Amino acid sequence: QVELVESGGDSVQPGGSLKLSCATSEITGAHMCMAWFRQAPGKEREGVASINTADHFPWYVESLVDRFDISLDNVNNTIYLQMNSLKPEDTAMYYCAAVPSSSVGPCAILPGRYLYWGHGTQVTVSS
């Protein structure tokens with residue numbers, strides 16, 4: 001069982017930045033795909049970015065690649081999501097997810113492929 005705990009959500013003004021963290025029970029020595037998803041009220045959960053713990057390969061939803069950055073800290077068993085130039089439409093609950101993997105390279109950012117989920121952290125972008 002992999003435990004995931006998100007933090008860093010906050011209320012910010014448009015144009016601001018936030019860095020979300022996802023602390024996990026294990027990354028070191030484990031080969032996993034880890035990803036960030038988000039869900040706005042009344043909308044389906046959507047992928048944001050993923051990273052492969054084997055080779056740190058990042059992958060992004062195309063519409064977010066210029067503003068968001070996913071990274072991995074093996075020492076602290078934490079993944080991060082740096083979000084810049086935030087817009088009101090980025091308002092959502094952000095979730096961290098993980099699934100064991102046997103491959104390297106990009107990890108698909110599809111909710112149904114992930115086994116382990118955190119409880120989420122709220123991001124609100126409003127003036």
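Three aromatic pairs occur in this structure, which is a predicted model. In the first of these, phenylalanine 37 meets tyrosine 114 edge-to-face. Their ring centres lie 5.4 Å apart, with 75 degrees between the planes. That angle counts as edge-to-face because it is over 60 degrees.

This pair ties distant parts of the chain together. Phenylalanine 37 belongs to strand E4 (residues 32-39). Tyrosine 114 lies in the loop between strand E9 (92-100) and strand E10 (116-117). The two residues are 77 apart in sequence. Both phenylalanine 37 and tyrosine 114 are buried.

Phenylalanine 57 and tryptophan 59 make up another aromatic pair, and this one is tilted. The centres are 6.3 Å apart and the planes differ by 35 degrees. Why is phenylalanine 57 counted as partly exposed? Its relative accessibility is 31%, and the class of partly exposed runs between 20% and 50%. Tryptophan 59 is also partly exposed, because its relative accessibility is 43%.

Phe37 and Tyr114 also belong to a cluster. Together with Trp117 they form one aromatic cluster.

**Charges over rings**

Two rings carry a charged side chain. Over the ring of tyrosine 80 sits the charged end of lysine 19, 4.6 Å from the ring centre. Over the ring of tryptophan 117 sits the charged end of arginine 45, at 4.7 Å from the centre. Tryptophan 117 is thus a member of the aromatic cluster and a partner of arginine 45.

**Arginine 38**

Arginine 38 is found in strand E4. Is this residue buried or exposed? Arginine 38 is buried, because its relative accessible area is 8%, and buried means under 20%. Its side chain makes a polar contact of 2.6 Å with the side chain of glutamate 46. A polar contact of 2.9 Å joins the side chains of arginine 38 and tyrosine 94.

Which residues are in contact with arginine 38, once neighbours within four places in sequence are left aside? Among them are Glu44, Arg45, Val48, Leu64 and Phe68. The list also includes Glu89, Asp90, Ala92 and Met93. Arg45 is therefore a contact of arginine 38 as well as the residue whose charged end sits over tryptophan 117.

**Strands**

The chain has eleven strands and zero helices. From the N terminus on, its elements run β-β-β-β-β-β-β-β-β-β-β.

Strand E3 (residues 18-24) is mostly covered, with five of its seven residues buried. E3 pairs with two other strands, E1 and E8. Strand E1 (residues 4-7) runs antiparallel to E3, over four bridges. Here glutamate 6 stands opposite cysteine 22. E3 and strand E8 (residues 78-83) are antiparallel as well, over six bridges. On this side, alanine 23 has threonine 78 of E8 as its bridge partner.

**Loop residues**

Histidine 56 and serine 85 each have a positive phi although neither is a glycine. The table sets them side by side.

| Residue | Phi | Loop | Relative accessibility |
|---|---|---|---|
| Histidine 56 | about 60 degrees | between E5 and strand E6 (58-60) | 34%, partly exposed |
| Serine 85 | about 50 degrees | between E8 and E9 | 42%, partly exposed |

Glycine 42 lies in the loop between E4 and strand E5 (46-52). Why does glycine 42 count as exposed? Its relative accessible area is 91%, and exposed means over 50%. Alanine 54 is twelve residues from glycine 42 in sequence. In space the two lie 35 Å apart, C-alpha to C-alpha.

**The chain as a whole**

The C-alpha atoms fill a box of roughly 45 × 25 × 25 Å, taken along the principal axes. The radius of gyration is 14 Å. A compact globule of 127 residues would have a value near 14 Å, so the chain agrees with that expectation. Of the 127 residues, 45% count as buried.

How many of the contacts between residues at least 6 apart in sequence join residues at least 24 apart? The share is 61%. The pair of phenylalanine 37 and tyrosine 114, 77 residues apart, is one link between distant parts of the chain.

Terms used: Residues are numbered from 1 along each chain as its sequence is written. This is a predicted model: local features need pLDDT of at least 70, side-chain atom pairs count only at pLDDT 80 or more; totals for chains, interfaces and linings use all residues. Side-chain values use heavy atoms; hydrogens and water are left out. Rings of Phe, Tyr and Trp (its six-membered ring) pair if their centres lie within 6.5 Å; planes under 30 degrees apart count as stacked, over 60 as edge-to-face and the rest as tilted. Buried means under 20% relative accessible area, exposed over 50%, partly exposed in between (1.4 Å probe, protein chains only). A charge sits over a ring if NZ of Lys or CZ of Arg is within 6 Å of the ring centre and within 35 degrees of the ring normal. Two strands pair if DSSP finds at least two bridges between them. A polar contact is a pair of N or O atoms within 3.5 Å; within protein, one must be able to donate a hydrogen and the other to accept it, and residues adjacent in sequence count only if both atoms are side-chain atoms. Contact means heavy atoms within 4.5 Å. The radius of gyration is taken over C-alpha atoms; the globule rule is 2.2 Å times the number of residues to the power 0.38.
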